[in-house]
Amino acid sequence: MNLSNTSSSYGAVAKSFHWLIALLILTMFPLGFVADTMAQSLRAGADTGVDTVVFLFSLHKTLGVAIFFVALARILWALSQTRPGLLHPDRKAEAFLAHAIHWVLYGSLVLVPLSGWIHNAATTGFAPIWWPFGQGLPFVPTDEGVAAFFGGLHKVLVYVLGGAVGLHVAGALKHHVIDRDATLRRMLPGRVAAAAPVAASHGPAPFAAALVIWAVAIGIGAAAGYLPVRGTAAEAPKLEAAAMDWQVETGTLGITVTQLGKPVEGSFADWTAAITFEEPVAPGPAGEVKVTVSIPSLTLGSVTEQAMAADFFDAENHPTAEFAGKIEKTADGYVATGPLTIKGQSVPLTLPFTLAIDGDTATMSGEAEVNRLDFGLGKSMPDEGSVGFTVAIKVALTASRTSH
Ligand code: HEM
Ligand code: HEM
C-alpha cells in the first residue's frame, strides 16, 4: 500500500491518522459525558468517589491534549497530499455537504481540545493533565471567569463535533450500503480497485459553510447561557455591616487547601469584622473581634461548587461561619483566641497577627491553620490523597477608627 494518497485512494499514513483519531474521538465522548455527569452529581452532594472523577477527568484531558498534537500532525500531512477525487461528481449538494463536514471535523480536532485546554489552564485545582509541563498556558490568565467561558465553549464545540461525526458516519454508511460504492473501502486498510474519480473541487465555499456552522452554534450556545461572560457569581446573602469601633476598610480573607498535593487558593468575597481594640501599654487584654463569613461567597479555584456541597461546607444549611476572639497583646505581637464555628462545629482557634497603627488607621495580617476534619468537612475523604487535612487561613485588613 502507498504511504501517500493517490487520486483514487487514501495512503497508509492518511488511513492510520483517520482511524487512530476516530478511535480516540469516539472514546472521548463517553469519557467526557461520564466524567461531567459524575462531577455534577458530586456537586449535588452525591457519594460518588472524588478520586474516580479526578481520574476520569485527568484521563480525558491527557488524551485530549494528545489528540490535539496528533491532529496537528494529521493536518500538516493532509496539506502535503492530493485528495482522492469525487466518486459521484454529479451529486453536487452531497459533495458540498461532505466537504463542509470534513472542514468542521478538521477544525474541531484543533478547537475542541484547545478550548478544553484553555479552560484547564485558567482554573486551579481539580484534575490535572498527566504530564510534566505544567497546567498553565501562555497568555491564559488564572481566572474563573475565563475558565467558565472556555468550559462552556468546549461544550458547544463538542456538540458541533458530535453532530458532524454523526453526519459523517451516516454519509459513509450511505455510500457503502445504499450506493454500494468504494467510498468507505478506500478509507479502509488494503488496496481498492475503484473507478478513477474526478478530481475534487477545492473551492472556499465548503470552508465558509463550516465557519457559518460554528458561528451559529456559538450564537445558540451564548443565547442558551453556555458562555458566561462573567464567572459563576456566588449567590451569597449580603452580610449586614457590623457595629464596631474599628471599621474595616479593605481586607482579604483567604484559605489555601492542598488538592492532589498542590495548593489551591481561595478567598471569601463577603465577610464582616466587628472589632473593639484599645492598644494596651503592657502585654494583656486588648479587645475583641467577631468575624462573620458568608460561606457561599467563597471562590476556590475550580472546586468552588464541591466546597459548597453537603460533605464540605454544606453552604445551604450553614451559610455563615463565625470567629469570636479575645485580642491580647503578647510580648512580640498580638493574638486573637476564641471559638471558630464552621458547619455548626466550634473549635478553639489561636490567630497570631501583626498590627501597625498609624493615627486612626490600623493594618493587620495574620495566619492560622485548622484541620478540616475537626469541623466535619470532607468526611468522605478520610485520607489526604485528594484533599489535605490542613487548611491555611490568611487574613489581612486595614481598619479605621470610628470612635475615640
Ligand atoms: C478532541 C478532544 C476532546 C473531546 C472530543 C472532548 C469531549 C468532551 C465531552 C463530550 C465533554 C462533556 C460535555 C458535556 O457534558 O456536555 C467534555 C467536557 C470537558 N472536557 Fe473535553 N473533550 C476533548 C478535549 C479536552 C481537553 C484537551 C481538555 C482539557 C485539557 C478537556 C476538558 C474538559 C472539561 C474540563 C470538561 C468539563 C467541562 C465543564 O464542566 O465545563 N477536554 N469534553
Ligand atoms: C467510525 C466512524 C467513521 C467512519 C465510518 C468514517 C469514514 C470515512 C470515510 C469513508 C472517509 C472517506 C471519504 C471520502 O473519500 O470522500 C472519511 C474521511 C474523513 N474522515 Fe472519517 N470516518 C469516521 C470517523 C471520523 C472521525 C471521528 C473523524 C474526525 C473527527 C473523521 C474525519 C474525517 C476526515 C477529516 C476525512 C477527510 C479525509 C481526510 O482528509 O483525511 N472521521 N471518513
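1. Let's start at H18, where a polar side-chain atom lies 2.8 Å from a nitrogen atom of ligand 2 (a polar contact is a pair of N or O atoms within 3.5 Å). Keep in mind that this is a predicted model, with local features needing pLDDT of at least 70 and side-chain atom pairs pLDDT 80 or more, while totals for chains, interfaces and linings use all residues. Residues count from 1 along each chain, chains are lettered from A and ligands numbered from 1 as written, and side-chain values use heavy atoms, without hydrogens and water.

2. H18 also has a metal to look after. Its NE2 atom and that of H168 coordinate the iron atom of ligand 2 at 1.9 Å (donors are N, O and S atoms within 2.8 Å of the metal, or 3.2 Å for Na, K and Ca). H18 belongs to helix α1 and H168 to helix α4, so the two tie together parts of the chain 150 residues apart in sequence (a helix is a DSSP run of H or I, at least four residues).

3. What is the geometry at the iron atom of ligand 2? The site is octahedral, with 6 donor atoms and angles of 86 to 179 degrees among them; for six donors, that label needs opposite ones over 155 degrees apart and all others between 65 and 115.

4. The two histidines at this iron differ in how covered they are: H18 counts as buried at 12% relative accessibility, whereas H168, at 25%, is partly exposed (buried is under 20%, exposed over 50%, partly exposed in between, with a 1.4 Å probe).

5. Now for the rest of the surroundings of ligand 2. There are 18 residues around it, and H18, R74, Y106, H168 and R186 come nearest (near means a heavy atom within 4 Å). A polar side-chain atom of Y106 is 2.5 Å from an oxygen atom of the ligand, and one of Y10 is 3.2 Å from an oxygen atom of ligand 2. Helices α1, α3 and α4 each give at least two residues to this shell.

6. Over to ligand 1. Its iron atom has H60 (NE2) and H154 (NE2) as protein donors, 2.0 Å away. This pair also links distant parts of the chain: H60 is in helix α2 (residues 50-79) and H154 in helix α4 (residues 144-179), 94 residues apart. The arrangement is octahedral because the 6 donor atoms around the iron atom of ligand 1 subtend angles of 88 to 180 degrees.

7. Are H60 and H154 buried or exposed? H60 is buried, at 13% relative accessible area, and H154 is buried too, at 18%.

8. Around ligand 1 there are 24 residues, with D36, H60, G116, H154 and Y159 coming nearest. On the polar side, a side-chain atom of D36 lies 2.7 Å from an oxygen atom of the ligand. For Y159, an N or O atom of the side chain is 2.8 Å from an oxygen atom of ligand 1, while for H154 the partner, also at 2.8 Å, is a nitrogen atom of the ligand. Helices α1 (12-43), α2, α3 (92-122) and α4 each supply at least two residues of this shell.

9. Two more residues deserve a look. A100 lies in helix α3, is buried at 3% relative accessibility, and has its C-alpha atom 20 Å from that of P113, 13 residues along the chain. H175 sits in helix α4 and is buried, with a relative accessible area of 15%.

Key:
Tetrahedral: all angles 85-135°; square planar, octahedral: opposite > 155°, others 65-115°. Polar contact = N/O pair within 3.5 Å; in protein donor to acceptor, adjacent residues only side chain to side chain.
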